[in-house]
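I am opening a notebook on this structure. Each entry records what I looked up and what came back.

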Amino acid sequence: RSQSIKALEKVFAQNAIDKSTYFICHGSCLEDAKALEDLIYQAHGYKAKYITEMSPVIGAHAGPGVVVLSFMANER
C-alpha cells in the first residue's frame, strides 16, 4: 500500500501544473489519504485543498480502500 501511495506522489510530481492545488478523495481510509498528503507536503510544501470521503454511489463502484488524487496535469 505504501508503494502505491508513493507512486501517486510521483505521478503528481511529474505531471501537476500547479502543485499548490490538489484534492484527495478516499473510500473509508482517511489514514492513507493523510499519508499521501504528508508525502506531497514533504516534497512540495503544499497541503491538499480538500480531503474528503467518497460518496456512497461512487464508493459502491470503487470499494473501500480507494484513494483518489485529483490535480491539473500537463497531459491527460
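Is Lys47 buried, partly exposed or exposed? I looked up its relative accessibility and found 42%, so Lys47 counts as partly exposed. I note here that I am working from a predicted model.

**Entry: salt bridges**

I asked how many salt bridges the structure holds. The search returned two. One of them joins the side chains of Lys47 and Asp38, with N and O 3.9 Å apart. I checked the distance because the cut-off for a salt bridge is 4 Å. Asp38 has a relative accessibility of 36%, so I entered Asp38 as partly exposed.

I then looked at Arg1, which forms a salt bridge with Asp32. The closest N and O atoms of that pair are 2.9 Å apart. Arg1 sits in the segment before α1 (2–15), while Asp32 belongs to helix α2 (residues 30–44), so this salt bridge ties together parts that are 31 residues apart in sequence. Arg1 is partly exposed at 47% relative accessibility. Asp32, with a relative accessible area of 22%, is partly exposed as well.

**Entry: cysteines**

How many disulfides does a search of the whole structure find? It finds zero. I wanted the reason, and recalled that a disulfide is a covalent bond between the sulfur atoms of two cysteines. For Cys25, the closest cysteine sulfur is in Cys29, and at 9.2 Å the two are too far apart for a bond. I repeated the search from Cys29 and got Cys25 as the closest, again at 9.2 Å. For comparison, the cut-off for a disulfide is 2.5 Å. Cys29 is buried, because its relative accessibility is 6%.

**Entry: His26**

Where does His26 lie? I found His26 in strand β1 (residues 22–26). Its relative accessibility is 6%, so His26 counts as buried. A polar atom of the His26 side chain lies 3.1 Å from the backbone nitrogen of Cys29. I also listed the contacts of His26, leaving out residues up to four places away in sequence. They are Ala33, Ile51, Thr52, Glu53, Met54, Val66 and Val67.

**Entry: strands**

I turned to the pairing of β1. Five bridges join β1 to β3, and the two strands run antiparallel. I looked up Cys25 and found Val68 as its bridge partner in β3. β1 also pairs with strand β2 (residues 50–53), this time in the parallel sense and over four bridges. There, Ile24 has Ile51 of β2 as its bridge partner.

Why is β1 largely enclosed by the rest of the structure? Four of its five residues are buried, and I wrote that down as the reason.

**Entry: nonpolar core**

Which residues make up the largest nonpolar core? I counted 12 in all, including Ile5, Phe12, Tyr22, Ile24, Cys29, Leu36 and Leu69. At least two residues of this core come from each of α1, β1, α2 and β3 (67–71). α2 gives the most, with three residues. As background, I noted that nonpolar side chains tend to be buried together in soluble globular proteins.

Ala16 is another member of this core. Leaving out residues up to four places away in sequence, I found that Ala16 touches Val11, Phe71 and Met72. Ala33 is in the core too, and I had already met Ala33 among the contacts of His26. The same goes for Val67, a core residue that His26 touches.

Technical notes. Residues numbered from 1 in each chain as written. Predicted model: local features only at pLDDT ≥ 70, side-chain atom pairs only at ≥ 80, totals over all residues. Heavy atoms only, no water. Buried < 20%, exposed > 50% of the residue type's maximum accessible area, 1.4 Å probe, protein only. Polar contact = N/O pair within 3.5 Å; in protein donor to acceptor, adjacent residues only side chain to side chain. Contact = heavy atoms within 4.5 Å. Core = buried A, V, L, I, M, F, W, Y, C linked by side-chain atoms within 4.5 Å. Pairing = 2+ DSSP bridges.
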